[in-house]
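Trainee: Got a minute to walk me through this one? I'd like to start with the strands and then get to the charged pairs.
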Amino acid sequence: MAEMGSKGVTAGKIASNVQKKLTRAQEKVLQKLGKADETKDEQFEQCVQNFNKQLTEGTRLQKDLRTYLASVKAMHEASKKLNECLQEVYEPDWPGRDEANKIAENNDLLWLDYHQKLVDQALLTMDTYLGQFPDIKSRIAKRGRKLVDYDSARHHYESLQTAKKKDETKIAKAEEELIKAQKVFEEMNVDLQEELPSLWNSRVGFYVNTFQSIAGLEENFHKEMSKLNQNLNDVLVSLEKQHGSNTFTVKAQPSDNAPAKGDKSPSPPPDGSPAAPEIRVNHEPEPPSSAAAGATLPKSPSQSSLPAVVVETFSATVNGTVEGSGGAGRLDLPPGFMFKVQAQHDYVATDTDELQLKAGDVVLVIPFQNPEEQDEGWLMGVKESDWNQHLELEKCRGVFPENFTERVQ
């Protein structure tokens with residue numbers, strides 16, 4: 001009997017819920033058709049709009065923060081690999097090997113600490129902040145259903161009161177249902193009317209704390225990382241002083257293929273092309289040459305930091321006099337001339353706007369007419385041999401990969 005009673009209660013509850021859903025559906029249809037008025041609360045609707053906006057912003061912030069953390073982790077891995085490479089190439093007899101290894105270890109620990117603090121002080125706080133939204137969202141939806149129940153009960157009570165044949169028993173029961181529905185709705189409504197504005201106002205403090213935490217952690221991380229980088233630089237400077245005072249013979253890599261324009265940094269192609277002349281790199285800077293008597297050419301932004309290069313197989317002065325060739329070049333220079341370079345590899349032009357180079361060719365570098373057209377790693381110039389033949393600049397100038405050449409002046 002008890003079991004049957006339990007089943008009866010369950011069945012009754014299901015039937016009641018189904019009836020509620022049907023009644024709500026009918027009420028919503030009547031309201032949309034304009035056949036029944038709907039209780040409106042513009043202030044509450046504004047609170048709901050703010051709530052949805054706040055939820056959207058918080059969800060995006062959480063997503064972007066996770067992306068940021070993933071990037072930090074990726075940078076950590078890349079930094080770790082880079083330091084491992086340094087440790088492998090750092091020969092045992094070089095000074096500062098132990099210091100370099102220690103710096104690499106501290107670098108790894110610093111990345112780990114930074115990532116963990118971001119998780120603890122930003123991501124977990126973010127998760128907690130967003131954790132309160134689902135419950136409130138559910139209660140907002142429930143309030144909406146209870147409002148429909150209230151409107152339905154109100155309309156039913158009003159229709160019984162205005163009926164030609166009044167049934168006092170039904171009117172009393174409808175009034176009782178109306179009072180009950182109103183009470184349930186108002187209890188939920190009052191709570192949300194207090195919580196939603198408070199939640200909306202809390203966003204300011206949350207955003208401030210979150211971004212202050214991220215900014216502070218990043219600032220401290222970069223300060224500590226800067227110290228490690230300075231220490232590593234000091235180690236490398238010490239290595240350079242003990243092993244970098246000699247003159248090194250640099251042999252150009254042979255080349256076969258040319259890089260495509262637009263590549264970030266074109267590099268000499270694989271083995272296969274004739275070797276370029278040897279170049280001796282002298283660490284002592286040379287005084288700048290003069291384009292004409294008493295005139296000093298302006299340097300390009302990168303010129304001041306480059307070492308002077310002495311090319312044994314070719315020597316030319318800025319005014320165009322070619323030594324060892326038995327002839328004199330032009331005294332004038334192309335408009336905007338900046339500096340000279342010499343090709344260290346053969347370069348086969350792949351487009352009509354490119355220069356075809358042979359190892360040993362000297363190129364007079366000039367600026368691009370439109371700086372925005374310059375791709376990284378490419379220069380504009382005219383071969384000195386073409387210029388000395390008085391060819392028109394428009395016909396003989398072209399672009400070429402910078403790392404196929406060495407600066408000579």
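Mentor: Sure, one term before we start: buried means under 20% relative accessible area, exposed over 50%, and partly exposed in between, with a 1.4 Å probe and protein chains only. Keep in mind that this is a predicted model, where local features need pLDDT of at least 70, side-chain atom pairs count only at pLDDT 80 or more, and totals for chains, interfaces and linings use all residues. Numbering runs from 1 along each chain as its sequence is written, and side-chain values use heavy atoms, leaving out hydrogens and water.

Trainee: Okay, how many helices and strands are in the protein?
Mentor: Seven helices and 10 strands. Those are DSSP runs numbered from the N terminus: helices are H or I with at least four residues, strands are E with at least two.

Trainee: How many residues of β9 are buried?
Mentor: Five of five, across residues 397–401. Both faces are covered, with R397, V399 and P401 on one side and G398 and F400 on the other.

Trainee: Which way do β8 and β9 run?
Mentor: Antiparallel, with five bridges joining β8 (residues 378–383) to β9. Two strands count as paired if DSSP finds at least two bridges between them. As one example, L379 has F400 as its bridge partner in β9.

Trainee: And what share of the protein's residues is buried?
Mentor: 34% of the 409 residues.

Trainee: Switching topic: how many salt bridges turn up in the whole structure?
Mentor: The search finds 13. The criterion is a side-chain nitrogen of Lys or Arg within 4 Å of a carboxyl oxygen of Asp or Glu.

Trainee: Where does R66 fit in, and what does the salt bridge with D127 tie together?
Mentor: Their closest N and O atoms are 3.4 Å apart. R66 lies in helix α2 and D127 in helix α3 (residues 97–131), so the pair ties together parts 61 residues apart in sequence. R66 is partly exposed at 43% relative accessibility, and D127 is partly exposed at 27%.

Trainee: What about R139, which residue does it pair with?
Mentor: E195, with the closest N and O atoms 2.6 Å apart. R139 sits in helix α4 (residues 133–161) and E195 in helix α5 (residues 168–243), so this pair links parts 56 residues apart in sequence.

Trainee: One last pair: are E158 and R154 buried or partly exposed?
Mentor: E158 is partly exposed at 36%, whereas R154 is buried at 13%. They form a salt bridge with closest N and O atoms 3.7 Å apart, and being four residues apart in helix α4, they are separated by about one helical turn.
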